[in-house]
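Colleague: Hi! Have you got a minute to walk me through this chain?
Modeller: Sure, let me put it up for us both.

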Amino acid sequence: MTGFELSPDTEAWLAEARKQPLAEVFPAVARKVGREPLGPGWTTDQAVRALLLIGVPADEVQLVYRYGDADEKQAVLQALSLDEVSKDLKDQALTIVEDAIRTNDQRLLAAALGPYATTWLPQASFRQAVLKCVFAGVPLEKVDGLPARVDDELIRMMTDFAAERAAAGREIPKDLEQYLTASPPRRGV
């Protein structure tokens, strides 16, 4: 299970919230349970939102994401990292991940590239997302699946990006350096 340690009051509120329509309770979570840190990467409101998503059909998950504010969207993305949430969704939540990858919100981008994306995001989309992280300043250590999903094409893309930065006199992000090749990839004639 999730292993979240919630207060008795929060547990009681969650039990009542599960009896109500998700779209009605999801936005109210932070006001009702607070935003206190629970552990690495989770706050009380994020954990409660994740628990509310267990067993919920993909279309409802997509709706609370679509109409949620940034905090609600981040909670949905984080919830996808939980087996209890993602197991029934299969690849049906990819539209949520793809939307978050298109955003310029670093929190959403980082949350989108968790274990769910590692499992379901196609390689070409994964490459683009990793490069967007580099461009947006999201540390690559936050991207689940690295370095296991690194391939020659991603190395080429990173090398090209670094060369463009160097040519423009801009700094190359430190966490990119471990993926750079010693020499630029060969181009076709």
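Colleague: Great. How many helices and strands are there in the chain?
Modeller: The chain has twelve helices and two strands, counted as DSSP runs numbered from the N terminus (H or I with at least four residues for a helix, E with at least two for a strand). From the N terminus on, the order is α-α-α-β-β-α-α-α-α-α-α-α-α-α. Bear in mind that this is a predicted model, where local features need pLDDT of at least 70 and side-chain atom pairs count only at pLDDT 80 or more, while totals for chains, interfaces and linings use all residues. Residues are numbered from 1 along each chain as its sequence is written, and side-chain values use heavy atoms, with hydrogens and water left out.

Colleague: Noted. What does the C-alpha trace span along its principal axes?
Modeller: About 65 × 30 × 25 Å. Of the 189 residues in the chain, 45% are buried, where buried means under 20% relative accessible area, exposed means over 50% and partly exposed is in between (1.4 Å probe, protein chains only).

Colleague: And among contacts between residues at least 6 apart, what share joins residues at least 24 apart?
Modeller: That share is 61%, with a contact meaning heavy atoms within 4.5 Å.

Colleague: Let's look at helix 12. Which residues does it cover, and how far does it reach?
Modeller: Helix 12 covers residues 152-167, which makes 16 residues, and reaches 22 Å from its first C-alpha to its last. That is close to the 22 Å expected at 1.5 Å a residue, the expected span being 1.5 Å times one less than the number of residues.

Colleague: Which of its residues are buried, and what do they pack against?
Modeller: The buried ones in helix 12 are Leu154, Ile155, Met157, Met158, Thr159, Asp160, Phe161, Ala162 and Arg165. They pack against helix 11 (123-136). Just after helix 12, glycine 169 takes a positive phi of about 75 degrees.

Colleague: Switching to charges: how many salt bridges do you count?
Modeller: Eleven, taking a salt bridge as a side-chain nitrogen of Lys or Arg within 4 Å of a carboxyl oxygen of Asp or Glu. In one of them, arginine 127 pairs with aspartate 151, with the closest N and O atoms 2.7 Å apart. Arginine 127 lies in helix 11 and aspartate 151 in the loop between helix 11 and helix 12, so this pair ties together parts that are 24 residues apart in sequence.

Colleague: Is arginine 127 buried or exposed?
Modeller: Buried, at 17% relative accessibility, whereas aspartate 151 is partly exposed at 22%.

Colleague: What does arginine 156 pair with?
Modeller: Glutamate 153, with the closest N and O atoms 2.6 Å apart. The two are three residues apart in helix 12, so about one helical turn separates them. Arginine 156 is partly exposed at 26%, and glutamate 153 is also partly exposed, at 31%. Elsewhere, salt bridges that share partners join Arg35, Asp45, Arg49, Asp71, Asp105 and Arg107 into one network. Within it, the side chains of aspartate 105 and arginine 107 meet at 3.6 Å, N to O.

Colleague: Now pockets. What is the volume of the largest one?
Modeller: About 440 Å³. Of its 23 lining residues, the closest to the centre are Gln78, Arg107, Ala110, Ala111 and Lys142. On a 1 Å grid over the protein atoms alone, a pocket is an open set of points where a 1.4 Å probe fits, with protein on both sides within 12 Å along at least five of seven lines, and lining residues have an atom within 4 Å of a point. The volume is the space filled by probe spheres set on the points, which are joined across faces, edges and corners.

Colleague: Which helix gives the largest share of the lining?
Modeller: Helix 9, with five residues. Helix 6 (70-79), helix 9 (106-112) and helix 10 (115-120) each supply at least two.

Colleague: Last topic, backbone oddities. Where is there a cis peptide bond?
Modeller: Between leucine 146 and proline 147, with omega about 0 degrees. Proline 147 sits in the loop between helix 11 and helix 12. Also, lysine 90 has a positive phi of about 50 degrees although it is not a glycine. Lysine 90 is in the loop between helix 7 (83-86) and helix 8 (94-102).
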